[in-house]
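Trainee: Before we start, I would like to go through this model by question and answer.
Mentor: Go ahead; the model comes up below.

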Amino acid sequence: MQITTVALAVLILFGVVTLIQLVYYYIIYGRFAFFRKKNPLGFRDIPVSVVVVVRDDASQLLQTLPYLLEQQYSFFEIVVVNDRSRDEHSLLAIQEYKERYPNIKIVDLSTAVSTSRGKKMAISMGIKCATYDHILLTSPNCKPASKLWLSQMAQNFQFQHKIVLGYNTFDKKKGPYSHFLHYDNLINAVQYFSHALLHTTYRGDLNNVAFVRPLFYQQKGFIAYNHLLYGEEDIFIHRASNKNNTTIEFSPDAATIRQHTPQYRYWRLHKVSLFFTRKYNSFKNRCLLSLYELTNLLFYVCLTLSILASLHQPIALYITLGIALVRIISLYVVMGVSAKKLQEKQIIPYFLFYDILFSLLNPLYWLSAKLNHKKIA
């Protein structure tokens, strides 16, 4: 039986969309999935300042501080920036830590007045007051995955590297919401790691990113985007990076783990802000990210239309299912390898479900970023 014109047209469109998706999986995201990092030779500990900003979450830092202090590293300090916190009891407890550990430095901004939004002023002051030029940023609710976190991140400051992109994940919990967060976090990490390997760096994670202080001042800090509520670290990383100065660190020992699962509304605001700050990125990066999301949605739309158009045409139906199978297998191969690298194997069985779900959600988040830009900018 011959394939009708309509079925053939839909099938060709489906094939083109799938081909674009395969290019993303094997050429772009496969760059991270199949990447093997070389072990640095002859590395000696360099002094590092770990900067942590506290704003009414000092109690969370009290849980994280012991993990930071037990790092197996020779020269480091922890710069705790009090960003106008009201939790005086926890701040006093942090002060007691300082009395016991001389490598803790407290920067008090309790009486500071700032016109910038978010934590930009606090981060900037932490960087300014740090003793050392090598800066490692993290957050109060993020604990290192191991005692080697600092060492694993710092050893990347070699071979002209001035920016190190680390991995941050959520504490593993049971339930669909936890899987939902971990899947999205995995895809985001694979994207920004892969783009960094392709020398088109577009973001880093504020909970685990390192850089040299002179680079921060070369970009004039966050002055150009003080009006933004979120996303300042992404814009800084994008503008400061080049093909030679940025590297990635994805060792399980080098990860940080968020101890408190965010409520959906907070996670959604963060997700929307990522779409909003994308406009500050290069045209190339915006196109690459948007084309993936568009073809991801079109894959399932075209798959549905192609099946409907070829219900009574076995050849067209077999070709449709064959094309779909190739793409779904590619999803599990590339993202599965990446999930194993990043210790996220628990979500592999749910890849297809969440791939379909986010193909529908991402356009909604993009639209929300367009409609609610005043909350972010």
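Mentor: Two strands pair if DSSP finds at least two bridges between them, and strands (E, at least two residues), like helices (H or I, at least four residues), are DSSP runs numbered from the N terminus. This is a predicted model, in which local features need pLDDT of at least 70 and side-chain atom pairs count only at pLDDT 80 or more, while totals for chains, interfaces and linings use all residues. Residues are numbered from 1 along each chain as its sequence is written, and side-chain values use heavy atoms, with hydrogens and water left out.

Trainee: Which residue in β10 does Thr169 stand opposite?
Mentor: β7 and β10 (residues 256–258) pair in the parallel sense, over three bridges. Opposite Thr169, in β10, stands Ile257.

Trainee: Why is one side of β5 and of β7 left without a neighbour in the sheet?
Mentor: The sheet is open, with three strands in the order β5-β10-β7 and mixed pairing. β5 (142–144) and β7 (168–170) each have a free side because they stand at the edges, each with a single partner strand.

Trainee: At about what angle does α7 run to β7?
Mentor: Axes are lines fitted to C-alpha atoms, for helices over the stretch in contact (heavy atoms within 4.5 Å). Angles run from 0 to 180 degrees between N-to-C directions. α7 lies across β7 and β10, and its angle to β7 is about 165°.

Trainee: Which helix gives the most to the largest nonpolar core?
Mentor: A nonpolar core is a set of buried Ala, Val, Leu, Ile, Met, Phe, Trp, Tyr and Cys residues joined through side-chain atoms within 4.5 Å. Buried means under 20% relative accessible area, exposed over 50%, and partly exposed in between (1.4 Å probe, protein chains only). The largest core has 96 residues, of which Tyr29, Ile78, Leu165, Phe193 and Phe351 touch the most other members. Eleven of its residues come from the top contributor, helix α7 (residues 176–197).

Trainee: Is His195 buried or exposed?
Mentor: His195 lies in helix α7. Leaving aside neighbours within four places in sequence, its contacts are Thr200, Thr201, Tyr202, Asn285, Leu288 and Leu289. Its relative accessibility is 0%, so His195 counts as buried.

Trainee: What is the relative accessible area of Asn245?
Mentor: Asn245 sits in the loop between α9 and β9 (246–248). Beyond four places in sequence, Asn245 is in contact with Gln160, His161, Lys162, Ile163, Leu215 and Ala240. Asn245 is buried, at 5%.

Trainee: Which element gives the most to the lining of the largest pocket?
Mentor: On a 1 Å grid over the protein atoms alone, a pocket is an open set of points with protein on both sides within 12 Å along at least five of seven lines, whereas a cavity is a set where a 1.4 Å probe fits but cannot get out; lining residues have an atom within 4 Å of a point. Grid points are joined across faces, edges and corners, and a volume is the space filled by probe spheres set on the points. The largest pocket holds about 1,200 Å³, and its lining of 41 residues has Lys119, Ser139, Asn207, Tyr230 and His270 nearest the centre. Six lining residues come from the element that gives the most, α10.

Trainee: What is the volume of the largest cavity?
Mentor: There are two cavities of 30 Å³ or more. The largest share of the lining of the largest cavity, five residues, comes from α7. The volume of the largest cavity is about 350 Å³.
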